[in-house]
Amino acid sequence: EGQIEANFRRSAGISATIPEFALRRSPIMAAREFVPGNLLYANGSRFKINRYHVPVRERLEPETVHVDLPRRRIHGGESSGYAESAPLPMPVVEISDCDLEHISHISDEEGNRFQVPVMMLGQLLPRHRGGSMYQVNGRNLQHMRGQAIRLLNAGPMDQVTQPKPKLGYPVCTVCGHVRSPYASDEELKNFRALHKSTCGREVENVGFTAEAQVDGFWIPDLESASQAASLAESLRLGAQQVLEMDQDDLQVLLLQNAQDGYDLFLYDPMAGGSGVLSQVLRQWREVLAAAREVLTHCPSGCEKACYDCLKDYGNVLYHKHLDRHLALKVLEGYDDAPVHVTNLPAMDSLKQVAGTGATNKAEYRLAKLLAWHQFPKPEAQVRIDLPPGLGIPYTITDFLYELPSGSRVAIYLDGLS
């Protein structure tokens, strides 16, 4: 998996004294950090994003997705639309290499580092390299390997969560130049007018997407966002205490499921995996015990959550859901050693054969048999959300028929996927 670079090149003036350098991040971390309005710190100075790299004689061609902010979901293509909670259309581009601009020097005494809190939405894609299913005190936990995810930075948190959401970041998709979403109305107006004149295209507010394959824990069927967020941050907290890892070594994705509960995906953002998840599994009860110790004896004795226990600047999105007392109750339900139940086979919906939607030769032969016997062409690789308690949150059919009666027939050639 390639990395995204933020490059600084010397120019005339004060920046001529600063050495050239490049900051490198994985795509999913770059989509969070390398965005307009955020500050980046290196070599004793502050920097900001100035321009994204656009291929010669090309332009960034945004894809339109629909964002469901209440459910934190991304939908591709057209929105079906429903009442007041209809998903909002949003142009998005894949995060790319960029250039930095020097802002100012900083002193060693400055301990605080500004980072824009952003709204990160995500979805799990139907591709992974397999995994292992465990039960913990009767509850399901899946250790997924190479799970494909897509993340979307929908914009600064304070702007996205307004009653009338302001989505994305001002970017000229022709030349790649940007402005901070916090720039004055006059500066943004002039920026838009200049680039419409010189580049021949309206400046859009776009979101930034990134796809990656990551290792992660899938923990389904939590009752609420508060349960899911508090469990996620408790596991991160305990792992930090026991494994001496950094807080960014595990990232959190909450997904509302079809039953209006929540599923938790706690993942390792490092390409290829750092091994931290396997360590957490091996020391599961130690991790939980360390988390309980901090939550029970919060140094600040806070009412629900604070920066001495569950909160940090990276989980602002979930601050309103965090509750250390609820977290202690949820942890009780997982206070047992994980027991291995079964291995999960790999899934790759991209390796489809000859336009049939099949992902392997056996499915291809079945598709041909259906066509030979004059069955209509079925849908392929369709996700069906399952009710809680079955051990897996959803299934991907090999083929699916929609009947005139409204019923559906799902076909699995080699068992439930």
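In this predicted model, the side chains of E63 and R150 form a salt bridge, with an N to O distance of 2.7 Å. E63 belongs to strand β5 (residues 63-68) and R150 to strand β12 (residues 139-156), so the bridge ties together parts of the protein that are 87 residues apart in sequence. The two partners differ in their surroundings: E63 counts as partly exposed, at 36% relative accessibility, whereas R150 is buried, with a relative accessible area of 10%. The cut-off for buried is a relative accessible area under 20%, which is why R150 falls into that class.

**Salt bridges**

The structure holds 14 salt bridges. A second one joins the side chains of R51 and D99 at 2.9 Å, N to O. This pair links distant parts of the chain, since R51 lies in strand β4 (residues 45-52) and D99 in strand β8 (residues 98-105), 48 residues apart. R51 is partly exposed, with a relative accessible area of 23%, while D99 is buried at 18%.

A third salt bridge is formed by the side chains of R383 and D385, with 3.0 Å from N to O. Here R383 counts as partly exposed at 40% relative accessibility, and D385 is also partly exposed, with a relative accessible area of 34%. Salt bridges that share partners also join E63, R127, R150 and E211 into one network.

The three pairs described above are set out below.

| Salt bridge | N to O distance | Relative accessible area of each partner |
|---|---|---|
| E63 and R150 | 2.7 Å | E63 36%, R150 10% |
| R51 and D99 | 2.9 Å | R51 23%, D99 18% |
| R383 and D385 | 3.0 Å | R383 40%, D385 34% |

**Overall make-up**

The secondary structure of the protein comprises eight helices and 23 strands. Of the 417 residues in the protein, 50% are buried. When contacts between residues at least 6 apart in sequence are considered, 65% of them join residues at least 24 apart.

**Helix packing around α6**

Helix α6 (residues 284-296) packs against helix α7 (residues 324-332) at an angle of about 155°, and their axes are 10 Å apart. Angles over 145 degrees count as roughly antiparallel, and α6 and α7 are therefore placed in that class. The crossing of α6 past α7 is left-handed. On the α6 side, the contact involves L288, A291, R292, L295 and T296, which meet R324, A327, L328 and L331 of α7. By class, this contact of α6 with α7 has six nonpolar, one polar and two charged residues.

Helix α4 (residues 225-243) also packs with α6, at an angle of about 105° and with axes 7 Å apart. Angles from 65 to 115 degrees count as roughly perpendicular, and the arrangement of α4 and α6 is therefore described in this way. From α4, the contact is made by S234, L235, L237, G238, A239, Q241 and V242, and from α6 by W284, E286, V287, L288, A290, A291, V294 and L295. By class, the contact of α4 with α6 has eleven nonpolar, three polar and one charged residues.

L288, A291 and L295 of α6 appear in the contact with α7 and also in the contact with α4.

Conventions. Residues numbered from 1 in each chain as written. Predicted model: local features only at pLDDT ≥ 70, side-chain atom pairs only at ≥ 80, totals over all residues. Heavy atoms only, no water. Salt bridge = Lys/Arg side-chain N within 4 Å of Asp/Glu carboxyl O. Helix = DSSP H or I, 4+ residues; strand = E, 2+ residues; numbered from the N terminus. Buried < 20%, exposed > 50% of the residue type's maximum accessible area, 1.4 Å probe, protein only. Axes fitted to C-alpha atoms, helices over the stretch in contact; angles between N-to-C directions. Parallel < 35°, antiparallel > 145°, perpendicular 65-115°, else oblique. Left-handed = near helix turned anticlockwise from the far one by under 90°. Contact = heavy atoms within 4.5 Å. Nonpolar A, V, L, I, M, F, W, Y, C, P; charged D, E, K, R; others polar.
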